[in-house]
Amino acid sequence: MSTVWTQINSTPPVITLHDSLISLNAVAALIGSQQRTLEIVAPTHLSADLTIPDNISVEIKFHGDIAANGHKLHFGGPFSAGLYQVFSGFSAGDVTFGVNAVDKIEVVWFGAKADNSTDDYAAITSAIAALGTTQGTVQLMQGKHVVNTKVTFNKNYATLRGHYIVTGK
């Protein structure tokens, strides 16, 4: 039984990860230096710290998710995902994006709810920290973000955008 398949009729070829037993590290090693797009359509995990090189474009589809398992993750190449959580178990600074890897970072990728109940502090600070030392935009989803701890960030690197209301202490 194959856990990863390659779509041959595309350029570059697409590898789709659809088995949660395979680590993202194993798939990145399989791809190596080849130019590929990696679609993640099921939960996956890290088995060690991982830098995904710029020859790999990552697209996380609905139901796709990357679990930290105590490791860090850096995206060197293009990254895209919809408006749903795609990172779980990561602390602020554990997920980072290289220059031009994303147009904007969505707080929902890190678990923000904007439901006027859940404390979105960890998700917002994780999204801001994901910029690293590159300039970029952090997108807050529409709704009421509860933040019970003061969020601080360097305005030279991060711009917060969105139609939102932040409540808290």
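In this predicted model, Ile 60 stands opposite Ala 81, a residue of strand E9. This is a convenient place to enter the fold, as the two strands involved, E6 and E9, pair in the parallel sense over 3 bridges. Strand E6 spans residues 56–60 and is mostly covered, with 4 of its 5 residues buried. E6 also has a parallel partner in strand E3 (residues 36–40), to which 5 bridges join it. Within E6, Ile 56 is the residue that stands opposite Arg 36.

A further set of strands forms an open sheet. Its 3 strands follow the order E4-E7-E10, and their pairing is parallel. At the edges lie strand E4 (43–45) and E10, each of which pairs on one side only. E4 runs parallel to strand E7 (residues 65–67), and 3 bridges join the two. Pro 43 has Asp 65 in E7 as its bridge partner.

Looking at the chain as a whole helps to place these strands. The secondary structure comes to 2 helices and 17 strands. The chain has 169 residues, of which 45% count as buried. Its accessible surface comes to about 8,700 Å², and carbon and sulfur atoms account for 51% of that area. Of the contacts between residues at least 6 apart in sequence, 35% join residues at least 24 apart.

Aromatic side chains give some concrete examples of links along the sequence. The structure holds 11 aromatic pairs. One of them joins Phe 75 and Phe 87 in a tilted arrangement, with 6.1 Å centre to centre and 55° between the planes. The pair links distant parts of the chain, for Phe 75 belongs to strand E8 (residues 73–75) and Phe 87 to strand E10 (residues 87–88), 12 residues apart. Phe 75 is buried, with a relative accessible area of 1%, and Phe 87 is likewise buried at 2% relative accessibility. Here E10, already met as an edge strand of the open sheet, contributes one ring of the pair.

Phe 79 and Trp 109 form another aromatic pair, this one edge-to-face, with 5.1 Å centre to centre and 70° between the planes. Phe 79 lies in strand E9 (residues 79–81), whereas Trp 109 sits in the loop between strand E12 (105–106) and strand E13 (115–119), so the pair ties together parts that are 30 residues apart in sequence. Both Phe 79 and Trp 109 are buried. E9 thus appears twice in this account: it holds Phe 79, and it pairs with E6. The two aromatic pairs also belong to a wider group, as Phe 75, Phe 79, Phe 87, Phe 90, Phe 97, Trp 109 and Phe 110 form one aromatic cluster.

Helix H1 offers a clear view of how burial is arranged around a helix. H1 covers residues 24–31, and its buried residues are Leu 24, Asn 25, Val 27, Ala 28 and Ile 31. Viewed down the axis of H1, these buried residues fall within an arc of 165°, so they line one face of the helix. An α-helix has 3.6 residues a turn, so residues three or four places apart point the same way. The exposed residues Ala 29 and Leu 30 are carried on the face of H1 turned away from the buried side. Just after H1 comes Gly 32, which takes a positive phi of about 60°.

Charged side chains complete the picture. Side chains of opposite charge can pair when their charged atoms come close. In this model the count comes to 2 salt bridges. In one, Lys 61 pairs with Glu 59, and the closest N and O atoms are 3.3 Å apart. Lys 61 counts as partly exposed at 32% relative accessibility, and Glu 59 is also partly exposed, at 25%. Glu 59 falls within the residue range of E6, 56–60.

The other salt bridge is formed by Glu 106 and Lys 104, whose closest N and O atoms are 3.7 Å apart. Glu 106 counts as buried, at 9% relative accessibility. Its partner Lys 104 is partly exposed, with a relative accessible area of 37%. This salt bridge therefore joins a buried residue to a partly exposed one.

Definitions and conventions:
Residues are numbered from 1 along each chain as its sequence is written. This is a predicted model: local features need pLDDT of at least 70, side-chain atom pairs count only at pLDDT 80 or more; totals for chains, interfaces and linings use all residues. Side-chain values use heavy atoms; hydrogens and water are left out. Rings of Phe, Tyr and Trp (its six-membered ring) pair if their centres lie within 6.5 Å; planes under 30 degrees apart count as stacked, over 60 as edge-to-face and the rest as tilted. Buried means under 20% relative accessible area, exposed over 50%, partly exposed in between (1.4 Å probe, protein chains only). Two strands pair if DSSP finds at least two bridges between them. Contact means heavy atoms within 4.5 Å. Accessible areas come from the Shrake-Rupley method with a 1.4 Å probe; for residues, only the protein chains shown count as cover. A salt bridge is a side-chain nitrogen of Lys or Arg within 4 Å of a carboxyl oxygen of Asp or Glu. The arc is that of the directions from the helix axis to the C-beta atoms.
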